[in-house]
Amino acid sequence: MKVLTIVNTKLVSPEDITMLPDVKIANSLIHCGLIDVPQPTFNSDREENDHFVLVRVDALSCNYRDKAIILKSALKMQEDLNYQSAPFAFFGSDFVGTIVEKGRLVNEFHVGQRVIPNCAYPESPFPGVAAGVVTNEASKGWLRIHKSKLVSIPKKMNNEIAASFSIGGQTSTSMVRRVGINSGENALVLSGRSNTSMFIINNLLQKGIDTTVLTTSDWSENEKKLINPAKLIKVDRTKHNWDEYLNNYDVVFDPYFDLHLENAVNQLKVGGRYITCGYKNQHKQFFEHSDDLVSNNLKNIMLKVMINNMSLIGNCIGTTDDLVEAIRNYDEDSFVVPIDSTFKVEEGNKFVDRTYNNRGRLGKSILLYKQEVL
């Protein structure tokens with residue numbers, strides 16, 4: 001199986017594999033290449049495989065967390081060679097795959113079934129199995145995974161949607177559940193073009209919540225229609241506050257607390273709830289000059305929160321039930337989270353570049369390992 005990898009050119013000769021054009025992330029070059037990874041041996045009769053399956057990755061996508069993983073791998077390859085140096089590095093945490101082998105005690109799935117990762121956190125989905133993201137190496141193509149870390153998907157969900165669904169669907173459902181938002185309340189969603197925010201918007205609109213979306217980008221008329229009837233407000237990235245644009249909200253959803261926390265708290269009503277699931281500067285090279293405009297004064301934030309009886313909520317992914325509910329609520333006719341673009345494995349460098357170097361992207365880029373048969 002031909003797969004996409006990051007290549008350590010100090011250890012691998014470009015003549016021995018198929019090299020792709022480099023991609024620059026945060027001013028560092030990522031050496032992309034294609035290698036053949038054969039189907040690994042999976043003995044279904046062995047006890048250690050009783051609760052495991054072998055999955056062939058059919059399509060994958062990258063989340064913001066993968067950006068730091070890719071950069072760290074590339075920077076490590078630039079260091080002096082030592083016994084820990086790796087010739088290749090893989091990446092990707094969202095995927096859809098097909099079960100090709102299974103252990104003796106796997107009754108939940110059958111060979112040939114399509115599955116996506118169950119990243120349930122913080123509770124372990126099975127005794128002795130770690131909670132959280134299933135893999136950081138979906139691009140490897142073949143994955144041996146515990147049965148509790150997967151869920152099946154309906155036929156109506158195609159591979160492109162499925163490859164970008166797990167973390168966004170699980171996280172957004174968890175966030176909306178945890179703030180306990182009710183009919184008659186209103187919500188503000190920040191960084192509207194982020195994939196997580198689009199999932200949150202979809203979730204809120206399904207529940208009939210009065211939703212406002214904040215953005216610093218221009219949206220086309222067709223893009224605005226995707227989130228109708230949510231209201232879209234564009235703010236100036238160089239402004240220190242948003243007071244001239246916004247009203248007060250019951251709940252604020254924020255994918256990047258290090259960009260927005262103080263401004264977001266200032267938009268809450270008395271008793272309001274703020275919830276966040278991530279941060280922008282996960283690596284020091286991600287810092288941009290515009291980030292200097294963010295104050296996030298802890299004293300100001302906590303005084304506001306205390307005086308107004310507000311709640312600050314941190315959220316990391318969600319439960320298995322959150323993912324199951326997200327899949328159950330999926331409607332291909334009204335799902336507002338778009339797919340930006342799809343790429344064949346031979347276009348792997350374009351996939352990485354489009355994922356991380358295009359601010360105008362709305363929705364995920366998908367890397368297809370297997371073409372669906374219609």
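**Exercise 1. Find which element gives the largest share of the lining of the second largest pocket in this predicted model.**

*Solution.* Start with the residues around the space. The second largest pocket is lined by Asn8, Ser73, Lys76, Met77, Glu79, Asp80, Asn82, Gln84, Ser85, Ala86 and Ala89. Next, bring in the element boundaries: helix 1 covers residues 64–77. Helix 1 supplies three residues, the largest share of the lining. To finish, add the volume: about 150 Å³ of space lies in this pocket.

**Exercise 2. Place helix 1 against its strands, then work out which strands stand at the edges of the sheet with the order 2-5-1-7.**

*Solution.* Begin with the helix. Helix 1 lies across strand 1 (2–7) and strand 7, and runs at about 60° to strand 1. Now read the sheet: four strands form an open sheet with antiparallel pairing, in the order 2-5-1-7. Strand 2 (18–19) and strand 7 (88–89) each have a single partner strand, so one side of each is left without a neighbour in the sheet. For a closer look at one pairing, go to strand 2 and strand 5 (residues 32–36), which pair in the antiparallel sense over two bridges. There, Thr18 stands opposite Leu34 in strand 5.

**Exercise 3. Describe the open sheet of six strands and the helix that packs on it.**

*Solution.* Take the strand order to begin with: 14-13-12-15-16-17, with parallel pairing. The edges are strand 14 (231–234) and strand 17 (311–314), each pairing on one side only. On average, neighbouring strands of this sheet are turned by 20° against each other, direction ignored. Then step inside the sheet, where three bridges join strand 12 (residues 186–189) to strand 15 (residues 249–254), the two running parallel. In this pair, Leu188 stands opposite Val252 in strand 15. Lastly, add helix 4 (residues 195–206), which packs on the sheet and touches strand 12, strand 13 (210–215) and strand 15. The direction of helix 4 makes about 165° with that of strand 12.

**Exercise 4. Decide whether Asp94 is buried or exposed, and list what surrounds it.**

*Solution.* Locate the residue: Asp94 belongs to strand 8 (residues 94–102). Its relative accessibility is 0%, and buried means under 20%, so Asp94 counts as buried. Now check for a polar partner: the side chain of Asp94 makes a polar contact with the side chain of Asn63 (3.2 Å). Leaving aside neighbours within four places in sequence, the contacts of Asp94 include Leu60, Ser61, Asn63, Pro117, Ala138 and Lys364. Among them, too, is the run Ala163, Ser164, Phe165, Ser166 and Ile167.

Technical notes:
Residues numbered from 1 in each chain as written. Predicted model: local features only at pLDDT ≥ 70, side-chain atom pairs only at ≥ 80, totals over all residues. Heavy atoms only, no water. Buried < 20%, exposed > 50% of the residue type's maximum accessible area, 1.4 Å probe, protein only. Polar contact = N/O pair within 3.5 Å; in protein donor to acceptor, adjacent residues only side chain to side chain. Contact = heavy atoms within 4.5 Å. Pairing = 2+ DSSP bridges. Axes fitted to C-alpha atoms, helices over the stretch in contact; angles between N-to-C directions. 1 Å grid on protein atoms, 1.4 Å probe; cavity = no way out; pocket = protein on both sides within 12 Å on 5 of 7 lines; lining within 4 Å. Points joined across faces, edges and corners; volume = space filled by probe spheres on them.
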